[in-house]
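Here is a short tour for someone meeting this structure for the first time. Have a look at the sequence and the fold, and then we'll walk through a few spots together.

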Amino acid sequence: MIPVPVVVTVLGGWCAVYLADTLLKSSNSLKASYEDWLLTYGLSVSPFHLRWQTALFNRQFYSWGRWKPRFLYLWFSMGMVFGIVAMFGSVILLGKTLLQTLTQMLTEAPKAQNDRMLQVVVPGVNLPVSQLTYFFSAILISGVIHEVGHGVAAIREQVRFNGFGIFIFIVYPGAFVDLFTTHLQLISPVQQLRIFCAGVWHNFVLGVASFMVLFLLPAILFPFYYTGVGALVTEVAEDSPANGPRGLFVGDLVTNLQDCPVYNVEDWNSCLGDISEKSQVGYCSTEDLMAQLNVVVTTASQTFAFHTAISWTTICMPVCQHEKLLKPAKFVEPTWTAIRTLFQAFV
């Protein structure tokens, strides 16, 4: 869930902004200067909504809209076709999602929500709070590219461009363009479609370009890192036997699992599967003897496992290539000296 301090900070911040805006607008001495200041900087404030508009980028937009008219005509015509096809595809996708949702609501044992074709992203619920910076940055970039498409297409179709702006609604950022409505209504429906579809067309192109960059990232960043040399540890669960001062740490590079070489994550999973099917080399002791000696069975760096490969139940501890200290054996009737030495080696 969303942390309470984050909710309190967001709500408190918006209340403070709206309260200050209301007090300044109701003040007889400050109202005129405050409204002039808002108008000068293109700002507007309303409950949970902050908006900024500027004409600083108008010249750049006009430069883009008048660049290679024939190319832009073909570009936005492709966007119009894509927008029409995507509209019908979106209706089908939303319809299937609605049917899945209704089916899940009417089923006594609903399936996991991960089976849905579309997922609503809710920060703090199905999106970790630690990822919010990336999430909102992606939304802002997508919004800017979307509105740039509308603005350039409008200029290409001889619609007056008044300005570009950015807004924040609660915590969600976005962008917009201000077009002269009268000009927009005077052009043909096909021209209007080119303008309306330009935004989603640019978002689609952005998505394809991002996917290509992600796919080519190893080649792009090749001078700065290398691959195929092991599995990098990115997280260690707190309750994992591998956690602890003698366990794994974030940033460690695993190159072998016992005698199985590891070059990537696929090798890691394959080696674990192979090892789980083989008998493990180690020292084993009867459960009664371990209970009699009152020895801790689980430690921060190693965990014992029950072994039933022989006639009596045993507790076994795999040995990780400590030939100098103890010679590994599959099943050895233990003595107290051997067990004590073993724990000194691993605990």
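Which residue in β4 is the bridge partner of Gly163? It's Asp178. Keep in mind that this is a predicted model.

## The β3–β4 hairpin

That Gly163–Asp178 bridge belongs to a bigger set: eight bridges join strand β3, residues 161–169, to β4, and the two strands run antiparallel. Together β3 and β4 make a hairpin, with two residues between them. Strand β4 covers residues 172–179 and is mostly tucked away, with six of its eight residues buried.

Now for the turn. Ile170 is found in the loop between β3 and β4, and its phi is near 60°, a positive value in a residue other than glycine. Is Ile170 buried or partly exposed? With a relative accessible area of 35%, Ile170 is partly exposed.

## Another positive phi

Ile170 has company here. Phe48 also has a phi near 60°, again a positive value in a residue other than glycine. You'll find Phe48 in the loop between β1 (43–46) and β2 (49–54). Its relative accessibility is 32%, so Phe48 counts as partly exposed.

## Where the nonpolar residues gather

As a rule, nonpolar side chains in soluble globular proteins tend to be buried together. In this model the largest nonpolar core has 18 residues, and the ones with the most contacts inside it are Phe61, Val159, Phe161, Leu179 and Ile195. The elements giving two or more residues to this core are α4, α5 (132–156), β3, β4 and α7 (189–215). Of these, α5 supplies the largest share, with five residues.

Phe161 is a good place to zoom in. Leaving out residues up to four places away in sequence, Phe161 touches Asn58, Phe61, Tyr62, Gly151, Ile155, Val177, Asp178 and Leu179. Two names there should ring a bell: Phe61 and Leu179 are also on the list of residues with the most contacts inside the core. Apart from this core lies another one, of nine residues, among them Ala231, Val233, Val254 and Leu257.

## Rings next to rings

There are 16 aromatic pairs in the count. Why is the pair of Phe61 and Trp64 called edge-to-face? The ring centres of Phe61 and Trp64 are 5.7 Å apart and their planes sit at 65°, so the pair is edge-to-face; the cut-off for that label is over 60 degrees. Both residues lie in helix α3 (residues 58–65), three residues apart, which is about one turn of the helix. Their surroundings are another matter: Phe61 is buried at 3% relative accessibility, whereas Trp64 is partly exposed at 39%.

Phe71 and Trp75 form an aromatic pair too, and this one is stacked, with 6.1 Å from centre to centre and 25° between the planes. Both sit in helix α4 (residues 69–106), four residues apart, about one turn of the helix. Phe71 is partly exposed, with a relative accessible area of 42%, and Trp75 is partly exposed as well, at 23%. The two also belong to one aromatic cluster, made up of Trp67, Phe71, Trp75, Phe82, Trp201 and Phe204.

## Charges over rings

Back at β4 for a moment: what sits over the ring of Phe176? It's the charged end of Arg51, 4.0 Å from the ring centre. Arg160 does something along those lines with Phe180, lying over the face of that ring at 4.1 Å from its centre.

## The disulfide and other cysteines

How many disulfides are there? The count comes to one. It joins Cys260 to Cys271, with the sulfur atoms 1.9 Å apart, and at -65° about the S-S bond the link is left-handed. The pair ties distant parts of the chain together: Cys260 is in strand β8 (residues 260–261) and Cys271 is in helix α9 (residues 265–276), eleven residues apart. Both Cys260 and Cys271 are buried.

Two more cysteines are worth a glance. Cys15 is partly exposed, at 49% relative accessibility, while Cys197 is buried, with a relative accessible area of 8%.

Methods: Residues numbered from 1 in each chain as written. Predicted model: local features only at pLDDT ≥ 70, side-chain atom pairs only at ≥ 80, totals over all residues. Heavy atoms only, no water. Buried < 20%, exposed > 50% of the residue type's maximum accessible area, 1.4 Å probe, protein only. Pairing = 2+ DSSP bridges. Phe/Tyr/Trp six-rings, centres within 6.5 Å; stacked < 30°, edge-to-face > 60°. Lys NZ or Arg CZ within 6 Å of the ring centre and 35° of its normal. Disulfide = S-S within 2.5 Å. Core = buried A, V, L, I, M, F, W, Y, C linked by side-chain atoms within 4.5 Å. Contact = heavy atoms within 4.5 Å.
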